[in-house]
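Hi there,

Here is the structure I promised to pass on to you. Have a look at it first, and then read on for what I found in it.

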Amino acid sequence: MEALKGIRILDMTHVQAGPTCSQLLAWMGADVIKFENPAGDATRGQLRDVPKADSLYFTMLNCNKRSITVNMKTAEGKQVFVDLVKTCDIIMENFGPGVLDRFGFSWEKIRSINPKIVMGSIKGFGSSGPYADFKAYENVAQAMGGAMSTTGVPDGPPFVTGAQIGDSGTGLHLGIGLLAALRQAERTGKGQYVEVAMMDGVMNLCRVKFRDHQRLARGELSEYSVPTYQGMGEVPRAGNDSGGGQLGNAIHCKPHGANDWLYIVVQEAVWSALAKRIGPELGMPELAADPHFATIGERRKNQQLMWTLINKFAEQHTKREMMGILNPLDVPCGPIMSTEDLANDAHVRGRDMWVELDHPERGTWYNVGMPIKLSDSPAVIKRSPLLGEHTDEILKQVLGYDDAKVSTLRQAGAFSVPPKRAA
Ligand SMILES: CC(C)(COP(=O)(O)OP(=O)(O)OC[C@H]1O[C@@H](n2cnc3c(N)ncnc32)[C@H](O)[C@@H]1OP(=O)(O)O)[C@@H](O)C(=O)NCCC(=O)NCCS
């Protein structure tokens, strides 16, 4: 039995941040009705790889949903919206600031239509504060939430990270908020407004950097491989440093291609075994007893030398060989996996994290699978809907409209893009 069976979601989200959340909820069994502008979620046509087919940008974020197109700029479309609000447990959106208000549907209005409904809203910067009126995309959130200033190397520019922490990260935060509010609504009969700002979500994911920010007031950050000092003020970019209590870094391995790297954490407990294994090959059979590295404090102080030695050892071994050497010694490590590596990885396939799907317009394609594994409710992943594919089905099955009503609404333009006026 699917965990969220019986929960219906009116999903007005678009692009990435909101759809990430509603796709996960759909994979947990919620009936997600993707309520689309008749022109469609803009991502359907963005970064297209197959002419006229929905893009992977869209298909990978909108599986297991039903699509209805409704023109919210018509009175008839608004009536369909109101009827759907009455039948749903959750409504969610990530429009730019003020869009829903301009439709005439503030949170106060929506809760007056259905007092039990939970409303989820993603904005770049939330609904209050000096930045509230601004739009945001992924990298804007990474820039403003602290991620970019702390990613890269001190002398280089700030970098974004490939993990979509601003969009998908915010979607995850929203999912947690929605499920908590849903639980409360079940107890009290009263819904509530759940807001997640992308900037706040990124700050949450940068929590350890704010730990270091405060530590700088008291002294240097001895685990950092780059210079720090008391009173420095801002946390510096620190390359591939571990960011935790243990020393870590990326090591370049044979044959030294773009992704021939291995991330290794030199945990306190493993140094001795590691030094005994690599020392002889480096011509340093006494490395484990070398006072430069005898304690974690010494290793922090001399970490550049330690990384140089480990890199030297890795010159003779591929990243997979390094894994084979280090895992038996209990040294936490992982090869840098490229997208190609992952798409062909037996572990990934075995965990249903690279899922083959079919699509009427694009044929075979792959989606990243469901990362949350529920023992009694495994996700069954189904393709994304075509634009408006389920409009009639939803109007009839969910709202109980008859053919005549659907036809009248259609003629009034409730489900279509208004014709362009002649100039
Ligand atoms: C992502 C973002 C920058 C995109 O901006 P945008 O393309 O201008 O889209 P907006 O959400 O601001 O506006 C959507 C427009 O579509 C219209 N629209 C949406 N659904 C509609 C419907 N069913 N019927 C008619 N019109 C519709 C809206 O009325 C609005 O037009 P308006 O400005 O004339 O009112 C913006 O939505 C945003 O800041 N969202 C919040 C933060 C966020 O989620 N960002 C990450 C996205 S991955």
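A crossing of two helices is called left-handed if the near helix is turned anticlockwise from the far one by less than a right angle. Please keep in mind that this is a predicted model.

The helix pair

The term is needed for helix α10 (residues 271–278) and helix α12 (residues 303–314), whose crossing is left-handed. Their axes come within 11 Å and cross at roughly 50 degrees, which makes α10 oblique to α12.

Which residues bring the two helices together? From α10, Trp271, Leu274, Arg277 and Ile278 take part, and they meet Met306, Ile310 and Phe313 of α12. Sorted by character, the residues of this contact are six nonpolar and one charged, with no polar residue.

The sheet

You will also find an open sheet of three strands, ordered β7-β8-β9 and paired antiparallel. Which strands stand at its edges? They are β7 (247–252) and β9 (333–335); each has a single partner strand, so one side of each is left without a neighbour in the sheet. On average, and ignoring direction, neighbouring strands here are turned by 15 degrees against each other.

The pairing goes like this:

- β7 and strand β8 (residues 261–266) are joined in the antiparallel sense over six bridges. Within this pair, Gly248 stands opposite Val265 in β8, and Ala250 has Tyr263 in β8 as its bridge partner.
- β8 and β9 also run antiparallel, with three bridges joining them. Here Leu262 stands opposite Pro335 in β9.

If you want to follow the side chains along these strands, recall that in a regular strand they alternate between the two faces of the sheet.

Where the two parts meet

Helix α12 links both halves of this story. Besides its contact with α10, α12 packs on the sheet, where it touches β7 and β8. The direction of α12 makes about 35 degrees with that of β7.

The chain as a whole

For the wider setting, the protein chain has 17 helices and 11 strands. Its C-alpha atoms fill a box of roughly 85 × 55 × 50 Å along the principal axes. Of the 423 residues in the chain, 47% are buried. Among contacts with a separation of 6 or more, 65% are between residues 24 or more positions apart.

Happy to talk it over whenever suits you.

Best wishes

Key:
Residues are numbered from 1 along each chain as its sequence is written. This is a predicted model: local features need pLDDT of at least 70, side-chain atom pairs count only at pLDDT 80 or more; totals for chains, interfaces and linings use all residues. Side-chain values use heavy atoms; hydrogens and water are left out. Axes are lines fitted to C-alpha atoms, for helices over the stretch in contact, and angles run from 0 to 180 degrees between N-to-C directions. Helices (H or I, at least four residues) and strands (E, at least two) are DSSP runs, numbered from the N terminus. Angles under 35 degrees count as roughly parallel, over 145 as roughly antiparallel, 65 to 115 as roughly perpendicular and the rest as oblique. Contact means heavy atoms within 4.5 Å. Ala, Val, Leu, Ile, Met, Phe, Trp, Tyr, Cys and Pro count as nonpolar, Asp, Glu, Lys and Arg as charged, and the others, Gly among them, as polar. Two strands pair if DSSP finds at least two bridges between them. Buried means under 20% relative accessible area, exposed over 50%, partly exposed in between (1.4 Å probe, protein chains only).
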